Protein chains: 4
Amino acid sequence: MKNLKYFDKKEAIFQAMLELISKYGFHSSPMSEVAKQANVAAGTIYHYFKSKDELICALYIRLREKFVDNLFKTDDSTKPFKERFRHFYLQMIQEAIKNPKEFYFLEQFSNSPFVTNIPKANLQALDQPMYDFLRKAVFTQVLKDIPPKILVAFVIGSATSIIKLQLSGEFKMTSSDLELAFFACWDGIRKG
Amino acid sequence: MKNLKYFDKKEAIFQAMLELISKYGFHSSPMSEVAKQANVAAGTIYHYFKSKDELICALYIRLREKFVDNLFKTDDSTKPFKERFRHFYLQMIQEAIKNPKEFYFLEQFSNSPFVTNIPKANLQALDQPMYDFLRKAVFTQVLKDIPPKILVAFVIGSATSIIKLQLSGEFKMTSSDLELAFFACWDGIRKG
Amino acid sequence: MKNLKYFDKKEAIFQAMLELISKYGFHSSPMSEVAKQANVAAGTIYHYFKSKDELICALYIRLREKFVDNLFKTDDSTKPFKERFRHFYLQMIQEAIKNPKEFYFLEQFSNSPFVTNIPKANLQALDQPMYDFLRKAVFTQVLKDIPPKILVAFVIGSATSIIKLQLSGEFKMTSSDLELAFFACWDGIRKG
Amino acid sequence: MKNLKYFDKKEAIFQAMLELISKYGFHSSPMSEVAKQANVAAGTIYHYFKSKDELICALYIRLREKFVDNLFKTDDSTKPFKERFRHFYLQMIQEAIKNPKEFYFLEQFSNSPFVTNIPKANLQALDQPMYDFLRKAVFTQVLKDIPPKILVAFVIGSATSIIKLQLSGEFKMTSSDLELAFFACWDGIRKG
DNA sequence: AATGAATGAGTGTTCATTCAT
DNA sequence: AATGAATGAACACTCATTCAT
């Protein structure tokens, strides 16, 4: 019971912060507003988090993990790599589009000086599954012999950009557009 | 003389703001600090800009224009498209790496809610040259028949991501790595 | 058992408060910290004391009583007054030096507006033994005919100041220094 | 003009802080109240002082200097030492009684952990004139051969205590009482 | 009796902006 | 045009105290 309550509040705080930051940005999301939106007293937030910064960082790690986990949850390693990659790539785009708040928060955070508060090792760990996924495919000669870091950057970067395009509302992406995007990426990295 | 001074101050303010924001972020770059760094009184900034927001937006537009202009300044339209694109792509990466402050500022800005202060039409206008560049190549069947918006997103997104990889310091890119990156992008979008 | 426990907790709270205030002062000694240091829940403190102020006042009275009691515990009324006074004076200094936390707390308290929370009558009562001690000596013409209040102030004040000198660490008092201090005080008040 | 205004505000802030702290203590003297009492905006205080602590420390040093200066302003070094000392001792008591706020502030400060914020050397410097005054008298064999530190502690301590007695209101000191106090001190330290 | 999560008023401080000079 | 002292609303955060368990 106690635990239930505990998690409820922590969760509510996370959710409120996410909502506010994704809409108004870091510095237009005062703790008082977070408290209000989470139905919690201002002081309560400080039982769960040492500071605003820490709350934001914790939220980032949490969402990042969830996001990456999601990409591989439905990965079927018995399938051919191309199919697995297609699933991965489209999943990434669709997940982000379904959760724009989380996507905006993550992008905003990782493009701000905030990100330096998180040790590099931790950041790397978050991306590890993606490195492993692509590195193996390089090893088995399915993908071009490109350093995995570059590979990951290329794939994530292109997907991210396409997500932003869709979320910006200035371009309504059909499923065949998504297919085109996938092929652009795939042709860019596949061997031969 | 007067004019010179005038431009000097405005310029100094821009420069100071760029420096501070790229290092500390929007909300850790107080106007008083900008003033100090620009060797100008706090009040003086308000002769040139209506508000902090306006200053930041003006800086964004300015840097964005400069950045895109740069990409095409050395474009040689008599060359084959592949070569022109290669130049464009590598130029983009190298320019950003040479000007990390400007790059960080632009990324930070365009991933923050700030960006909504700028009318969409204006934002579009900034990217126009890139659309035109790629659209023509689709038309002449050099590139896959992908909607230009997607094409631009794909190209810019992958390049941006690679720039970040390099600037993060966790991967030292050689020129052959850059070549690999270019080919990944090129193979992704070229026809046939 | 129960009683033992009861006293243990109250004692632990007193001790924790003493420790914190003597080191950090009133307003840097939060109840939560007191609770932590006393190995007690924050709420528990409020079973024993109505408020922080009350706790602090209770602690003051307690330490003050203990301090004064101590001065006369080993008083031998059969001895000549000069000897008794010498014992009293040196005892005061040595006790304080042996218990710096208590001394600092007492000084801090009695020089703060807190002290007004304690009724004057109570404060007087605390000092009563000292008044009596010196008044008698005035009466028997061993001491100058000075109003006892002044006499007490003079004696306590000079001793207090010498204690602070020693505790400040800027002067290491030898036992012959103490003797000099005693004689200064004694020569100041003795008759003839 | 500018300077006049400047000092006016700084002075008003000092005065307001003194008033509040002497009455309510450090932690019941919020900056907002200081601002109000000084007829100044809260932010203005921070143009003159980096923090509340710094303001308080600056005030301490200021008052301390003023207090000690005062003691020697009317010293006549041609007079016999006894007379000079009498003047010094009574002046100290009378000054304090005439300026109870300053006295309370100084006592409160110097008995709080605040005092450790001020480098020991600075504190010593404040007392220097008193050391010199008494040390010389030891040297010329007017006073007992007691270490000057102890001498100063003895004199200041007894006077301080007598001041508190008077200010507490529980004893109304006549001028002949003062004379008694002086002689107590004098007989304590004079040679022979 | 004992807990400690929760409260929310209150604190010190910052900072975009103004305006008299 | 230029200054920078002054403003005061807004902020992150603290902490004495309460109360359901």
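By what turn and what shift along the axis can chain B be laid on chain A? In this predicted model, local features need pLDDT of at least 70, side-chain atom pairs count only at pLDDT 80 or more, and totals for chains, interfaces and linings use all residues. Residues are numbered from 1 along each chain as its sequence is written, chains are lettered from A and ligands numbered from 1 in the order of writing, and side-chain values use heavy atoms, with hydrogens and water left out.

A turn of 180° with a shift of 0.0 Å along the axis lays chain B on chain A with an RMSD of 0.1 Å. This is the relation of a two-fold axis. The superposition is by least squares on the C-alpha atoms of residues with pLDDT of at least 70 in both copies. Within chain B, the residue that comes closest to the rotation axis is B:Gly188, whose C-alpha lies at 2.0 Å.

The contact between these two chains (heavy atoms within 4.5 Å) involves 41 residues of chain B and 41 residues of chain A. Of the interface residues of chain B, 100% are also interface residues in chain A, so the copies meet through the same surface. About 3,100 Å² is buried between chain B and chain A, and carbon and sulfur atoms give 68% of this area. Buried area is the accessible area (1.4 Å probe) that two parts lose on being put together, summed over both. In chain B, the most area is lost to chain A by B:Asn111, B:Ile150 and B:Phe154, together 19% of what that side buries.

Four salt bridges are found across the interface of chain B and chain A, a salt bridge being a side-chain nitrogen of Lys or Arg within 4 Å of a carboxyl oxygen of Asp or Glu. One of them joins B:Lys144 to A:Asp187, with the closest N and O atoms 2.6 Å apart. On the side of chain B that touches chain A, α8(B) gives the most, with 10 residues; helices here are DSSP runs (H or I, at least four residues), numbered from the N terminus.

For chains D and C, the contact takes 41 residues from each of chain D and chain C. The area buried between them is about 3,100 Å², with 68% given by carbon and sulfur atoms. In chain D, D:Asn111, D:Ile150 and D:Phe154 lose the most area to chain C, together 19% of what that side buries. The count of salt bridges between chain D and chain C is four. The side chains of D:Lys144 and C:Asp187 meet in a salt bridge at 2.6 Å, N to O.

DNA strand F is surrounded by 28 residues, the closest being A:Lys52, B:Tyr48, C:Met31, D:Thr44 and D:Tyr48; a residue is near a strand if one of its heavy atoms lies within 4 Å of it. Of the atoms of DNA strand F that come within 4 Å of the protein, sugar and phosphate account for 68%. A base nitrogen of DNA strand F lies 2.8 Å from a polar side-chain atom of B:His47, and a base nitrogen of the strand lies 2.7 Å from a polar side-chain atom of D:His47. An N or O atom in the side chain of C:Lys52 is 2.7 Å from a phosphate oxygen of DNA strand F. The elements that give two or more residues to the surface near DNA strand F are α3 (42-48) of chain A, α3 (42-48) of chain B, α3 (42-48) of chain C and α3 (42-48) of chain D.

Notes: A polar contact is a pair of N or O atoms within 3.5 Å; within protein, one must be able to donate a hydrogen and the other to accept it, and residues adjacent in sequence count only if both atoms are side-chain atoms.
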